[in-house]
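User: Could you walk me through this structure in plain terms? I'm in my first year and would like to ask things as we go.

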Amino acid sequence: MPGPMRSAITGVTMFHPSRVVTNKDLEKLVDTSDEWIRTRTGISERRYVDEGQAASHLAVGAVEQLLRQTDTSPEEVELIVVGTVTPDMLFPATACLIQQQIGAKKAWGFDLSAACSGFVFSLATGDQFIRSGKHKKVIVVGVDIMTSITNFEDRNTCVLFGDGAGAVMLEPVSKTAELGILDTVCHIDGTGAEFLYMPAGGSRRPPTAETVEKKMHFVHQEGKQVFKFAVCEMANVTEEILARNNFLPRDIDLFVAHQANLRIIESCQKRLGLPDEKVVVTIDKYANTTSATIPTCLATAVADGRLTKGKLVLITSFGAGFTWGAALVRWAY
Ligand code: UT7
(Lines give C-alpha, C1' and ligand atoms only; values in the text may rest on other atoms or scores of the structure.)
Protein backbone atom coordinates (compact mmCIF):
# COMPACT_ATOMS: atom_id res chain seq x y z
CA MET A 1 0.00 0.00 0.00
CA PRO A 2 1.41 3.42 -0.94
CA GLY A 3 1.49 6.01 1.87
CA PRO A 4 -0.71 9.11 1.91
CA MET A 5 -0.70 10.99 -1.37
CA ARG A 6 -1.35 14.50 -2.54
CA SER A 7 -1.57 15.77 -6.11
CA ALA A 8 1.18 17.49 -8.04
CA ILE A 9 0.98 19.63 -11.15
CA THR A 10 3.17 17.74 -13.62
CA GLY A 11 2.63 19.96 -16.65
CA VAL A 12 1.06 23.28 -17.58
CA THR A 13 0.12 24.86 -20.90
CA MET A 14 -1.65 27.90 -22.27
CA PHE A 15 -3.34 28.37 -25.61
CA HIS A 16 -4.50 31.69 -26.99
CA PRO A 17 -5.98 32.55 -30.35
CA SER A 18 -3.61 34.21 -32.80
CA ARG A 19 -5.61 37.41 -33.39
CA VAL A 20 -4.06 40.27 -31.38
CA VAL A 21 -6.33 43.21 -30.57
CA THR A 22 -4.58 46.32 -29.25
CA ASN A 23 -5.98 49.19 -27.22
CA LYS A 24 -5.68 51.32 -30.36
CA ASP A 25 -7.97 48.85 -32.15
CA LEU A 26 -10.57 49.34 -29.40
CA GLU A 27 -10.32 53.12 -29.73
CA LYS A 28 -12.09 52.61 -33.06
CA LEU A 29 -15.02 50.83 -31.40
CA VAL A 30 -15.75 52.82 -28.23
CA ASP A 31 -14.84 56.13 -26.62
CA THR A 32 -11.65 54.99 -24.92
CA SER A 33 -7.91 55.52 -25.16
CA ASP A 34 -4.78 53.44 -25.01
CA GLU A 35 -3.68 55.68 -22.13
CA TRP A 36 -6.85 55.07 -20.05
CA ILE A 37 -6.75 51.32 -20.55
CA ARG A 38 -3.05 51.03 -19.71
CA THR A 39 -3.15 53.21 -16.61
CA ARG A 40 -6.48 51.98 -15.20
CA THR A 41 -6.02 48.25 -15.98
CA GLY A 42 -2.46 47.46 -17.11
CA ILE A 43 -3.74 45.95 -20.36
CA SER A 44 -1.94 46.65 -23.66
CA GLU A 45 -3.43 43.97 -25.86
CA ARG A 46 -5.56 40.85 -25.80
CA ARG A 47 -6.35 37.88 -28.06
CA TYR A 48 -9.72 37.26 -29.72
CA VAL A 49 -11.01 34.10 -31.34
CA ASP A 50 -12.19 34.08 -34.92
CA GLU A 51 -15.80 33.29 -35.70
CA GLY A 52 -16.57 29.63 -35.11
CA GLN A 53 -13.80 29.13 -32.53
CA ALA A 54 -15.33 28.06 -29.22
CA ALA A 55 -14.19 27.15 -25.72
CA SER A 56 -13.61 23.49 -26.61
CA HIS A 57 -11.33 24.46 -29.50
CA LEU A 58 -8.98 26.54 -27.35
CA ALA A 59 -9.17 23.96 -24.57
CA VAL A 60 -8.21 21.17 -26.97
CA GLY A 61 -5.24 23.29 -28.10
CA ALA A 62 -4.09 23.55 -24.48
CA VAL A 63 -4.80 19.90 -23.64
CA GLU A 64 -3.08 18.42 -26.71
CA GLN A 65 0.01 20.43 -25.84
CA LEU A 66 -0.29 19.17 -22.24
CA LEU A 67 -0.48 15.52 -23.34
CA ARG A 68 2.72 15.98 -25.37
CA GLN A 69 4.46 17.86 -22.56
CA THR A 70 3.67 15.19 -19.97
CA ASP A 71 4.09 12.27 -22.38
CA THR A 72 0.55 11.08 -21.65
CA SER A 73 -1.63 9.11 -24.04
CA PRO A 74 -5.27 10.20 -24.24
CA GLU A 75 -6.45 6.78 -22.94
CA GLU A 76 -4.59 7.35 -19.68
CA VAL A 77 -6.65 10.42 -18.79
CA GLU A 78 -9.27 9.58 -16.15
CA LEU A 79 -10.97 12.90 -15.41
CA ILE A 80 -11.30 16.28 -17.15
CA VAL A 81 -12.51 19.22 -15.03
CA VAL A 82 -13.25 22.37 -17.01
CA GLY A 83 -13.61 25.75 -15.36
CA THR A 84 -15.60 27.98 -17.68
CA VAL A 85 -18.53 30.39 -17.85
CA THR A 86 -18.49 30.44 -21.64
CA PRO A 87 -19.02 26.80 -22.60
CA ASP A 88 -19.58 25.93 -26.27
CA MET A 89 -23.22 25.33 -25.33
CA LEU A 90 -25.16 25.26 -22.05
CA PHE A 91 -25.07 21.52 -22.51
CA PRO A 92 -23.48 19.14 -23.17
CA ALA A 93 -20.56 20.02 -20.94
CA THR A 94 -17.42 21.31 -22.63
CA ALA A 95 -15.60 18.46 -20.85
CA CYS A 96 -17.48 16.00 -23.10
CA LEU A 97 -16.50 17.89 -26.24
CA ILE A 98 -12.86 18.00 -25.16
CA GLN A 99 -12.91 14.31 -24.19
CA GLN A 100 -14.21 13.39 -27.64
CA GLN A 101 -11.83 15.67 -29.55
CA ILE A 102 -8.69 14.42 -27.79
CA GLY A 103 -9.80 10.77 -27.81
CA ALA A 104 -9.71 10.32 -24.02
CA LYS A 105 -11.93 7.26 -24.28
CA LYS A 106 -11.70 6.27 -20.61
CA ALA A 107 -12.16 9.70 -19.08
CA TRP A 108 -15.20 11.26 -17.45
CA GLY A 109 -15.54 14.91 -16.69
CA PHE A 110 -17.67 17.96 -16.06
CA ASP A 111 -17.75 21.73 -16.29
CA LEU A 112 -17.47 23.89 -13.20
CA SER A 113 -18.92 27.39 -13.06
CA ALA A 114 -17.04 29.77 -10.80
CA ALA A 115 -16.25 32.62 -13.23
CA CYS A 116 -12.77 34.02 -12.64
CA SER A 117 -12.22 31.47 -9.88
CA GLY A 118 -13.05 28.66 -12.30
CA PHE A 119 -9.50 27.43 -12.52
CA VAL A 120 -8.80 27.55 -8.77
CA PHE A 121 -12.08 25.79 -7.95
CA SER A 122 -11.41 23.18 -10.66
CA LEU A 123 -7.88 22.66 -9.36
CA ALA A 124 -9.23 22.19 -5.82
CA THR A 125 -11.76 19.69 -7.19
CA GLY A 126 -9.26 17.73 -9.31
CA ASP A 127 -6.91 17.65 -6.32
CA GLN A 128 -9.55 15.82 -4.27
CA PHE A 129 -9.89 13.02 -6.82
CA ILE A 130 -6.14 12.42 -6.65
CA ARG A 131 -5.93 12.67 -2.84
CA SER A 132 -8.77 10.20 -2.44
CA GLY A 133 -6.85 7.68 -4.53
CA LYS A 134 -9.70 7.51 -7.05
CA HIS A 135 -7.67 8.78 -10.03
CA LYS A 136 -4.07 9.00 -11.15
CA LYS A 137 -4.31 11.38 -14.11
CA VAL A 138 -6.61 14.37 -13.93
CA ILE A 139 -6.64 17.25 -16.40
CA VAL A 140 -7.81 20.62 -15.13
CA VAL A 141 -8.71 23.18 -17.78
CA GLY A 142 -9.48 26.88 -17.50
CA VAL A 143 -11.03 28.31 -20.64
CA ASP A 144 -13.15 31.30 -21.52
CA ILE A 145 -14.25 32.97 -24.71
CA MET A 146 -15.10 36.28 -23.13
CA THR A 147 -15.75 37.90 -26.51
CA SER A 148 -18.86 35.70 -26.74
CA ILE A 149 -20.41 37.59 -23.80
CA THR A 150 -18.85 41.03 -24.29
CA ASN A 151 -20.87 44.10 -25.22
CA PHE A 152 -18.64 45.94 -27.67
CA GLU A 153 -20.67 49.10 -27.15
CA ASP A 154 -19.89 49.24 -23.40
CA ARG A 155 -16.50 50.81 -22.78
CA ASN A 156 -16.70 49.93 -19.09
CA THR A 157 -16.32 46.23 -19.85
CA CYS A 158 -15.27 45.62 -23.45
CA VAL A 159 -11.68 46.73 -22.95
CA LEU A 160 -11.10 44.35 -20.04
CA PHE A 161 -11.37 40.87 -21.48
CA GLY A 162 -9.66 38.43 -23.81
CA ASP A 163 -10.08 34.83 -24.95
CA GLY A 164 -7.81 32.03 -23.80
CA ALA A 165 -7.30 28.58 -22.35
CA GLY A 166 -4.84 26.80 -20.12
CA ALA A 167 -4.49 23.35 -18.63
CA VAL A 168 -2.59 21.44 -16.00
CA MET A 169 -2.03 17.73 -15.40
CA LEU A 170 -2.49 16.45 -11.85
CA GLU A 171 -0.82 13.23 -10.73
CA PRO A 172 -0.24 11.67 -7.31
CA VAL A 173 2.96 12.23 -5.35
CA SER A 174 3.86 10.88 -1.95
CA LYS A 175 3.21 13.35 0.87
CA THR A 176 6.69 12.68 2.16
CA ALA A 177 8.13 14.36 -0.96
CA GLU A 178 6.82 17.76 0.27
CA LEU A 179 5.95 18.64 -3.33
CA GLY A 180 2.66 19.31 -5.07
CA ILE A 181 -0.57 20.99 -4.03
CA LEU A 182 -0.11 21.51 -0.30
CA ASP A 183 -3.54 23.02 0.32
CA THR A 184 -6.51 24.73 -1.32
CA VAL A 185 -9.15 27.13 0.02
CA CYS A 186 -12.36 28.11 -1.77
CA HIS A 187 -15.04 30.62 -0.75
CA ILE A 188 -18.30 31.93 -2.17
CA ASP A 189 -20.58 34.82 -1.20
CA GLY A 190 -23.78 35.17 -3.20
CA THR A 191 -24.43 38.68 -1.91
CA GLY A 192 -21.94 39.70 -4.60
CA ALA A 193 -24.00 38.19 -7.42
CA GLU A 194 -25.55 41.51 -8.40
CA PHE A 195 -22.20 43.19 -9.06
CA LEU A 196 -20.94 40.92 -11.84
CA TYR A 197 -23.29 38.76 -13.87
CA MET A 198 -24.93 37.94 -17.17
CA PRO A 199 -28.61 38.87 -16.76
CA ALA A 200 -30.22 36.68 -19.43
CA GLY A 201 -29.75 33.38 -21.18
CA GLY A 202 -30.36 31.21 -18.12
CA SER A 203 -33.59 29.84 -16.68
CA ARG A 204 -34.46 33.13 -14.94
CA ARG A 205 -34.48 35.10 -18.16
CA PRO A 206 -34.47 32.68 -21.10
CA PRO A 207 -33.38 34.27 -24.36
CA THR A 208 -36.06 36.28 -26.15
CA ALA A 209 -35.94 38.99 -28.79
CA GLU A 210 -36.34 41.47 -25.93
CA THR A 211 -33.39 40.16 -23.91
CA VAL A 212 -31.22 40.30 -27.02
CA GLU A 213 -32.43 43.80 -27.82
CA LYS A 214 -31.60 44.92 -24.27
CA LYS A 215 -28.12 43.35 -24.50
CA MET A 216 -28.76 41.16 -21.51
CA HIS A 217 -26.55 38.34 -22.77
CA PHE A 218 -23.40 40.23 -21.99
CA VAL A 219 -21.25 40.80 -18.91
CA HIS A 220 -22.62 43.45 -16.56
CA GLN A 221 -20.19 44.69 -13.96
CA GLU A 222 -20.05 47.30 -11.23
CA GLY A 223 -16.31 47.64 -11.48
CA LYS A 224 -15.60 49.64 -8.34
CA GLN A 225 -17.49 47.23 -6.06
CA VAL A 226 -15.77 44.22 -7.59
CA PHE A 227 -12.39 45.94 -7.35
CA LYS A 228 -12.72 46.53 -3.60
CA PHE A 229 -13.76 42.97 -2.82
CA ALA A 230 -11.11 41.49 -5.12
CA VAL A 231 -8.24 43.29 -3.39
CA CYS A 232 -9.53 42.52 0.07
CA GLU A 233 -10.45 38.87 -0.41
CA MET A 234 -7.45 37.77 -2.51
CA ALA A 235 -5.14 39.19 0.16
CA ASN A 236 -7.28 37.68 2.97
CA VAL A 237 -7.39 34.20 1.44
CA THR A 238 -3.65 34.34 0.77
CA GLU A 239 -3.03 35.09 4.45
CA GLU A 240 -5.54 32.40 5.46
CA ILE A 241 -3.90 29.61 3.45
CA LEU A 242 -0.38 30.69 4.46
CA ALA A 243 -1.27 30.83 8.16
CA ARG A 244 -2.90 27.43 8.28
CA ASN A 245 0.17 25.91 6.62
CA ASN A 246 2.61 27.78 8.88
CA PHE A 247 4.07 30.01 6.18
CA LEU A 248 4.58 33.77 6.04
CA PRO A 249 4.11 35.98 2.97
CA ARG A 250 7.90 36.24 2.64
CA ASP A 251 8.08 32.46 2.15
CA ILE A 252 6.25 32.78 -1.19
CA ASP A 253 8.58 32.41 -4.18
CA LEU A 254 5.95 33.23 -6.79
CA PHE A 255 2.61 35.03 -6.45
CA VAL A 256 0.12 34.11 -9.17
CA ALA A 257 -3.08 36.12 -8.88
CA HIS A 258 -6.05 36.30 -11.19
CA GLN A 259 -5.34 38.91 -13.85
CA ALA A 260 -8.33 41.28 -13.80
CA ASN A 261 -6.57 44.56 -13.17
CA LEU A 262 -2.89 45.36 -12.57
CA ARG A 263 -3.92 47.75 -9.79
CA ILE A 264 -5.67 44.90 -7.95
CA ILE A 265 -2.57 42.72 -8.21
CA GLU A 266 -0.32 45.57 -7.04
CA SER A 267 -2.58 46.32 -4.07
CA CYS A 268 -2.40 42.67 -2.97
CA GLN A 269 1.34 42.67 -3.55
CA LYS A 270 1.73 45.74 -1.35
CA ARG A 271 -0.42 44.33 1.46
CA LEU A 272 1.60 41.11 1.42
CA GLY A 273 4.92 42.95 1.11
CA LEU A 274 6.08 41.05 -1.96
CA PRO A 275 8.85 42.31 -4.26
CA ASP A 276 8.12 42.73 -8.00
CA GLU A 277 10.18 39.73 -9.07
CA LYS A 278 7.85 37.38 -7.15
CA VAL A 279 4.70 38.62 -8.88
CA VAL A 280 3.62 37.19 -12.23
CA VAL A 281 1.92 39.61 -14.61
CA THR A 282 0.42 38.57 -17.94
CA ILE A 283 -2.53 40.98 -18.07
CA ASP A 284 -0.57 43.34 -20.35
CA LYS A 285 -0.56 40.77 -23.16
CA TYR A 286 -3.70 38.72 -22.62
CA ALA A 287 -6.07 40.91 -20.52
CA ASN A 288 -8.61 39.16 -18.30
CA THR A 289 -9.28 35.70 -19.75
CA THR A 290 -11.39 34.70 -16.71
CA SER A 291 -10.66 30.98 -16.04
CA ALA A 292 -7.53 30.97 -18.18
CA THR A 293 -5.48 33.63 -16.35
CA ILE A 294 -3.90 31.36 -13.73
CA PRO A 295 -2.62 28.62 -16.08
CA THR A 296 -1.46 31.40 -18.42
CA CYS A 297 0.63 32.84 -15.59
CA LEU A 298 1.96 29.44 -14.54
CA ALA A 299 2.91 28.46 -18.12
CA THR A 300 4.58 31.84 -18.63
CA ALA A 301 6.57 31.52 -15.41
CA VAL A 302 7.71 27.99 -16.32
CA ALA A 303 8.74 29.17 -19.79
CA ASP A 304 10.76 32.12 -18.51
CA GLY A 305 12.51 30.00 -15.86
CA ARG A 306 10.96 31.63 -12.80
CA LEU A 307 9.01 28.52 -11.85
CA THR A 308 11.21 25.52 -11.09
CA LYS A 309 11.12 22.48 -8.83
CA GLY A 310 10.75 23.28 -5.15
CA LYS A 311 9.43 26.85 -5.60
CA LEU A 312 6.54 27.80 -3.32
CA VAL A 313 3.72 29.20 -5.46
CA LEU A 314 0.73 31.03 -4.09
CA ILE A 315 -2.23 31.02 -6.49
CA THR A 316 -5.27 33.18 -5.80
CA SER A 317 -8.34 34.29 -7.68
CA PHE A 318 -11.49 36.35 -7.32
CA GLY A 319 -14.55 36.46 -9.54
CA ALA A 320 -18.29 36.69 -10.11
CA GLY A 321 -20.45 35.05 -7.50
CA PHE A 322 -18.55 36.27 -5.59
CA THR A 323 -16.10 33.39 -5.72
CA TRP A 324 -12.55 33.41 -4.45
CA GLY A 325 -9.88 31.02 -3.40
CA ALA A 326 -6.25 30.06 -3.16
CA ALA A 327 -3.91 27.16 -3.73
CA LEU A 328 -0.53 26.68 -2.13
CA VAL A 329 1.76 24.68 -4.38
CA ARG A 330 5.31 23.41 -4.01
CA TRP A 331 6.25 23.15 -7.68
CA ALA A 332 7.05 19.54 -8.52
CA TYR A 333 9.17 19.62 -11.68
O1 UT7 B 1 -12.37 39.29 -13.28
C2 UT7 B 1 -13.45 39.32 -12.41
C3 UT7 B 1 -13.34 40.37 -11.45
N4 UT7 B 1 -13.32 41.67 -12.07
C5 UT7 B 1 -12.55 42.60 -11.60
O6 UT7 B 1 -11.81 42.33 -10.68
C7 UT7 B 1 -12.66 44.00 -12.16
C8 UT7 B 1 -12.59 44.99 -11.05
N9 UT7 B 1 -12.77 46.37 -11.45
C10 UT7 B 1 -11.86 47.05 -12.18
O11 UT7 B 1 -10.87 46.51 -12.60
C12 UT7 B 1 -12.08 48.52 -12.38
O13 UT7 B 1 -13.12 48.96 -11.56
C14 UT7 B 1 -12.38 48.91 -13.85
C15 UT7 B 1 -11.13 48.75 -14.70
C16 UT7 B 1 -13.50 48.04 -14.39
C17 UT7 B 1 -12.79 50.38 -13.93
O18 UT7 B 1 -11.78 51.19 -13.35
P19 UT7 B 1 -12.18 52.33 -12.30
O20 UT7 B 1 -10.93 53.00 -11.95
O21 UT7 B 1 -12.96 51.67 -11.21
O22 UT7 B 1 -13.03 53.28 -13.19
P23 UT7 B 1 -14.56 53.73 -13.03
O24 UT7 B 1 -15.46 52.61 -13.40
O25 UT7 B 1 -14.76 54.39 -11.72
O26 UT7 B 1 -14.61 54.84 -14.12
C27 UT7 B 1 -13.83 56.04 -14.01
C28 UT7 B 1 -14.10 56.86 -15.24
C29 UT7 B 1 -15.61 57.04 -15.54
O30 UT7 B 1 -15.79 58.33 -16.06
P31 UT7 B 1 -16.42 59.48 -15.15
O32 UT7 B 1 -17.75 58.96 -14.71
O33 UT7 B 1 -15.45 59.66 -14.03
O34 UT7 B 1 -16.48 60.63 -16.09
C35 UT7 B 1 -15.84 56.02 -16.62
O36 UT7 B 1 -16.92 56.36 -17.44
O37 UT7 B 1 -13.54 56.22 -16.39
C38 UT7 B 1 -14.55 56.09 -17.38
N39 UT7 B 1 -14.29 54.89 -18.16
C40 UT7 B 1 -13.53 54.88 -19.26
N41 UT7 B 1 -12.87 55.86 -19.90
C42 UT7 B 1 -12.18 55.52 -21.00
C43 UT7 B 1 -14.73 53.62 -17.91
N44 UT7 B 1 -14.26 52.81 -18.86
C45 UT7 B 1 -13.52 53.55 -19.70
C46 UT7 B 1 -12.79 53.28 -20.86
N47 UT7 B 1 -12.13 54.27 -21.47
N48 UT7 B 1 -12.71 52.03 -21.37
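**The ligand and its surroundings**

User: How far does a polar side-chain atom of Trp 36 lie from an oxygen atom of the ligand?
Analyst: Some ground rules before the number: this is a predicted model, where local features need pLDDT of at least 70, side-chain atom pairs count only at pLDDT 80 or more, and totals for chains, interfaces and linings use all residues. Residues are numbered from 1 along each chain as its sequence is written, and side-chain values use heavy atoms, with hydrogens and water left out. A polar contact here is a pair of N or O atoms within 3.5 Å; within protein, one must be able to donate a hydrogen and the other to accept it, and residues adjacent in sequence count only if both atoms are side-chain atoms. For Trp 36 and the ligand oxygen, the distance is 3.2 Å.

User: Which residue has a polar side-chain atom 2.7 Å from an oxygen atom of the ligand?
Analyst: Arg 263 has a side-chain N or O atom at 3.0 Å from a ligand oxygen, which doesn't fit your number. The residue at 2.7 Å is Asn 288.

User: How much of the ligand's accessible area does the protein cover?
Analyst: Accessible areas come from the Shrake-Rupley method with a 1.4 Å probe (for residues, only the protein chains shown count as cover). On its own the ligand has 950 Å² of such area, and the protein covers 75%.

User: Which helix gives the most to the shell around the ligand?
Analyst: The shell has 23 residues, with Thr 32, Arg 40, Lys 224, Asn 261 and Asn 288 the closest; a residue counts as near if one of its heavy atoms lies within 4 Å. Helices H2 (34-41), H6 (155-158), H8 (223-244) and H9 (262-272) each supply at least two of the shell residues. Helices (H or I, at least four residues) and strands (E, at least two) are DSSP runs, numbered from the N terminus. With 4 residues, the top contributor is H8.

**The two sheets**

User: Why is one side of E8 and of E11 left without a neighbour in the sheet?
Analyst: Four strands make an open sheet of mixed pairing, in the order E8-E13-E12-E11, where two strands pair if DSSP finds at least two bridges between them. E8 (180-188) and E11 (254-257) stand at the edges, so each has a single partner strand.

User: What is the bridge partner of Thr 316 in E13?
Analyst: Strands E12 (312-319) and E13 (323-330) run antiparallel and are joined by 8 bridges. Across from Thr 316, the partner is Ala 326.

User: Which are the edge strands of the sheet with the order E1-E7-E6-E4-E5?
Analyst: This open sheet has 5 strands and mixed pairing. Those that pair on one side only are E1 (5-15) and E5 (108-112).

User: Which residue in E7 stands opposite Gly 142?
Analyst: E6 (138-145) and E7 (163-174) pair in the antiparallel sense over 8 bridges. Opposite Gly 142 you'll find Gly 166.

**Unusual backbone spots**

User: Which residue is joined to Pro 92 by a cis peptide bond?
Analyst: As background, most peptide bonds are trans. Pro 92 sits in the loop between E4 (79-83) and H4 (94-102). The cis bond has an omega of about 0°, and the partner is Phe 91.

User: What is omega for the peptide bond from Gly 321 to Phe 322?
Analyst: Phe 322 is in the loop between E12 and E13. The bond leading to Phe 322 is cis, and omega is near -5°.

User: What is phi of Ala 115?
Analyst: Most residues other than glycine have a negative phi. Ala 115, in the loop between E5 and H5, has a positive value, near 55°.
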